[in-house]
Amino acid sequence: MNILSLFVIIPTLTVLGILFTKGFKQTRLVAAIGMSIQIILTVALIYLFFQERAANPLAEMVLMKDTVWFESLNIRYTVGVDGIAVAMIALTSIIIFTGVFTSWEVNFLYKEFFISLIILATGVFGFFISLDLFTMFVFYEVAVIPMYLLIGIWGSGKKEYSAMKLTLMLMGGSALLLVGLLGIYFNSNADGGELTMNILEISKVNIPIDAQRFFFPFVFVGFGVLGALFPFHTWSPDGHASAPTAVSMLHAGVLMKLGGYGAFRVAIFLLPEAAVQLSGIFIVLTSISVVYGAFGAIMQKDLKYINAYSSVSHCGLILFGLLMLNETAMNGAIIQMISHGIMTALFFALIGMIYGRTHTRMIDEMGGLMKIVPFLSVAYVIGGLASLGLPGLSGFVAEMTIFVGAFQHPDLFHRIATIIAASSIVITAVYILRVVGILLLGPIKNKEFESLSDARWFERLSITTLIISIAAIGIAPFWLAEMIGFSLEPIVARLAAFM
Amino acid sequence: MQLENFLLMRHELVLTLIALLVLVFEIFTDDARKERVISFTVVLFALATAIGFLPQGEGKLFGDMFQVTHLQTFMKNVLNVGVLIILLQSAAWLRKEDNREKISEYFILMLTTLIGMNFMISSGDFLMFYLGLEMATIPIAALAAYERQQLRSAEAGIKLILSSALSSGIMLFGLSMIYGMSGSIYFSDVQAALTNNSLTTLAIIFFFAGMGFKISLVPFHLWTADVYEGAPVNVTSYLSVVSKGAAAFIFAIILFTVFNKLVALWENLVYALAVATMTIGNLFAVRQKNMKRFLAFSSIAQAGFILLGVINAGALGMTTIVYFVLIYAFTNLAAFGVVSAIATATGKENMSDYNGLYHTNPKLSLVLMLALFSLAGIPPVAGFFGKFFLFMAAAEKAYYWLVAIAVINTTISLYYYLLPIKAIFIDKTDTPIATFKSDSYMRASLVICVLGIFVVGLMSFIYEYISELTTAFGL
């Protein structure tokens, strides 16, 4: 049994296990056990990855396993990972693990809730291990559809509207993606070989430039919708604001990264020539995402909306970094995926916990929470500092690397775009510090809040896990950067040929 | 002609035998025990379905009027499976007081149409094709008017018979032109003789009009919604799955074999019809409040997706069409089964009646959810694979814009497929449909459908099997 397939099998078994549980406590226990096994698996995977890589340092992907699925179409279930995929898998298992503990007290239709949540995670895990475009696409859609029920049933606010909007926009994105994937598939024999869906094999084919130019926008926008590319980001604020806590965490933390990962693994890697030619258009769009998202966050009064807009901004930065098409910036973009994933999950978890206590998410109705719930408040400050890029925390490493990479382009267009995008750091500081000032510091506005209790054990567990991860990346980014950088080399080498 | 040649007609003969046996059995059953006909027929038909899967030879009969290949045998089996599911789903409804006196008529009419479809699929000339088509259409009109006490059922019957008469008249006109040009009605002669000229164009357009009626392609779809709504649920599911599937099969066979030299002529027609059918079917489905009308329009849109396989005009196209129809049978029958169970138990058919259904009838709700996800093309259920491969078939011939239009339509369709799901899981009501237990026939049929929805997609051997059959068919 390949260890990578276990990442899909264990959640599936967990779902089956939940079906047979009786009562709320058993259900959440099974969910927690299943996701803890995922964490252990992740540790094992990282160990195995380094071992395998030491054994054959030239392999692009390790731990590969290839099984025929639809033989006549040459569709296969191919799995394999490089450093980037391993990092993304680690991110996913951390967030789903903490997500389960954040949902420790969801007791309305609890079985259905945990099943949907874990199916969502299954899709994400499957996406990151896949090397076959078809398999990848299957998992991608598996990840999107439980969102409708999760937001529609357990959400808050105008949940039905948000759920429908999110589902339709994401499926619209995947519809574009489908066209692109079919285009890549039917051009994968351009060098005379067999039609294939295998990413590694396609990456060795020179797809005709006309086809590349035609399909690159389909694939990039298809993934870009998920990665909150302007102007297709509008599902994100509504969706995140209405979703239940764990779903917001998973969605902003992992699912949006799926967009970035796909844009880079499929669009840029497989259609490099078009990526070089067309990157300018998308750099403009992502620069808008970055700045627009940050300004949007300033204007909001609802904590979840603030964080949702900030996610638009930060995820825009991921795509921005990827589109710079050089090793430094792409490295930064991928660190940003991990860093923002954990950071935003931390934010959404904290917002959910605060909302669970105060029953409001409006910042001007709260104040002085530092005195009442110090644990949550301190965690919020740490998350905020990471978000605005304080050295020593993960956000700094990521953004710094992206902008250094972006500045390596000597031409005026890239310089201007970089300066505009970099200005978001300042705007980020404004909305983060504003929230910290109003929400946490200052006088206690509502006397009823004085009796609120601080975080309970399961909340502390998930918060602490996330904070440790943020600090670990911030203090020791080199092992992550090295793991990613090594895996970026084949991609960068392929791009360099067309620069 | 030797005896074993007759075995090539095994499907048709077995069905005829069952129809006669049902008639005899009914005579010897006393009036108080009429319901026995139901179990008798269902068991016999299940046997017939099983027999259908036994290995069978290939060959031609009656001077090439009738031809059997493994692919055509498989198509008939697909239809058999669909009918078996429908018969299971009909049991509870047939036991109702109004229907008890005409149980055997229901079965005989349905089996007759099925025989007609089998002949149609196996036809080797246009005469047999037309005979099969008529035999498959006229009894359905009687079925649609089955609940004759109800005005709308009678209306459905008359609408169906009138519009089908018109469309088959148009098609006959087209076929007569083909005969006039080629001097023959045999498929092989016609294939060799036809050339691309303006009369051929007209003939093919008329042929499309006739088939478009059966498959309910826009603009020949106007009868669909009214008939689907008026006819009893099980007849509606028969129309939308089996009848449509059979027509799609023969449509593809004739286009890919008889008219294969004229691809340049008909591919534009298919393109236009596909775009119109998907888009209009979808846009009308969005507004429906009645579940039967809703499924009617959704099935129009699904027919549009089938055309993406047709435009391929090759092996991949045929494979994906057969595969899609198989999946569509399981999927749509699951949805219709739930609608039928609820309509039989409570008489409710509107989407708003389904509010809060999950809290009272969780199992039915989950089946309906799976079916709708499969119709919308969401993995891991089979509908995704069916649609993906159809899109692939169109993309193989570089119709990328058509695929783009189709996927946008898929997104639109997702909107309305989510509406019943929203009603079932999210919307609240004070008067939900009370908890009820459907009979064992219905439950068996839904189990078959759900198994089909999972197995046909995820397990690739079925697709591979169809692919081999298509290659052997010579495409």
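The largest nonpolar core in this predicted model has 383 residues. Seven residues have the most contacts inside the core. Two sit in chain A: A:A87 and A:L346. The others are B:A144, B:L308, B:A334, B:F391 and B:V403. Helix α14 of chain B, residues 315–346, gives this core its largest share, 20 residues.

Take B:A334 as a way in. Leaving aside residues up to four places away in sequence, B:A334 touches B:V367, B:L370 and B:A371. B:A334 also touches B:L446, B:C449, B:V450 and B:I453.

Now turn to where the chains meet. Here 26 residues of chain B are in contact with 24 residues of chain A. Which elements of chain B give two or more residues to the side that touches chain A? They are α17 (382–396), α18 (400–425) and α20 (461–473) of chain B. The largest share comes from α18(B), with 12 residues. By type, the side of chain B that touches chain A divides into 19 nonpolar residues, four polar and three charged.

Next, look at chain A as a whole. Chain A has 21 helices and two strands. Its radius of gyration is 22 Å, and the globule rule gives 23 Å for 499 residues. The two values are close, so chain A is as compact as a globular protein of that length. The C-alpha trace of chain A spans about 75 × 60 × 45 Å along its principal axes. Buried residues make up 62% of the 499 residues in chain A. Sequence separation adds to the picture. Take the contacts in chain A between residues at least 6 apart in sequence: 79% of them join residues at least 24 apart.

Finally, go to the start of chain A. Helix α1 covers residues 3–19 of chain A, and helix α2 covers residues 24–55. How do their axes cross? The axes come within 9 Å and cross at roughly 175°. Angles over 145 degrees count as roughly antiparallel, and α1(A) and α2(A) are therefore roughly antiparallel to each other. On the α1(A) side, the contact is made by A:I3, A:L6, A:F7, A:I10, A:P11, A:T14, A:G17 and A:I18. On the α2(A) side, the contributors include A:T27, A:V30, A:A31, A:G34 and A:I37. Further along α2(A), they include A:Q38, A:L41, A:A44, A:L45 and A:L48. The residues of this contact between α1(A) and α2(A) divide into 13 nonpolar, five polar and no charged.

Note on methods: Residues numbered from 1 in each chain as written. Chains lettered and ligands numbered in written order. Predicted model: local features only at pLDDT ≥ 70, side-chain atom pairs only at ≥ 80, totals over all residues. Contact = placed C-beta atoms within 7 Å. Helix = DSSP H or I, 4+ residues; strand = E, 2+ residues; numbered from the N terminus. Nonpolar A, V, L, I, M, F, W, Y, C, P; charged D, E, K, R; others polar. Core = buried A, V, L, I, M, F, W, Y, C linked by C-beta atoms within 7 Å. Buried ≥ 20, exposed ≤ 12 C-beta atoms within 10 Å, placed from the backbone. Axes fitted to C-alpha atoms, helices over the stretch in contact; angles between N-to-C directions. Parallel < 35°, antiparallel > 145°, perpendicular 65-115°, else oblique. Rg over C-alpha atoms; globule rule 2.2 N^0.38 Å.
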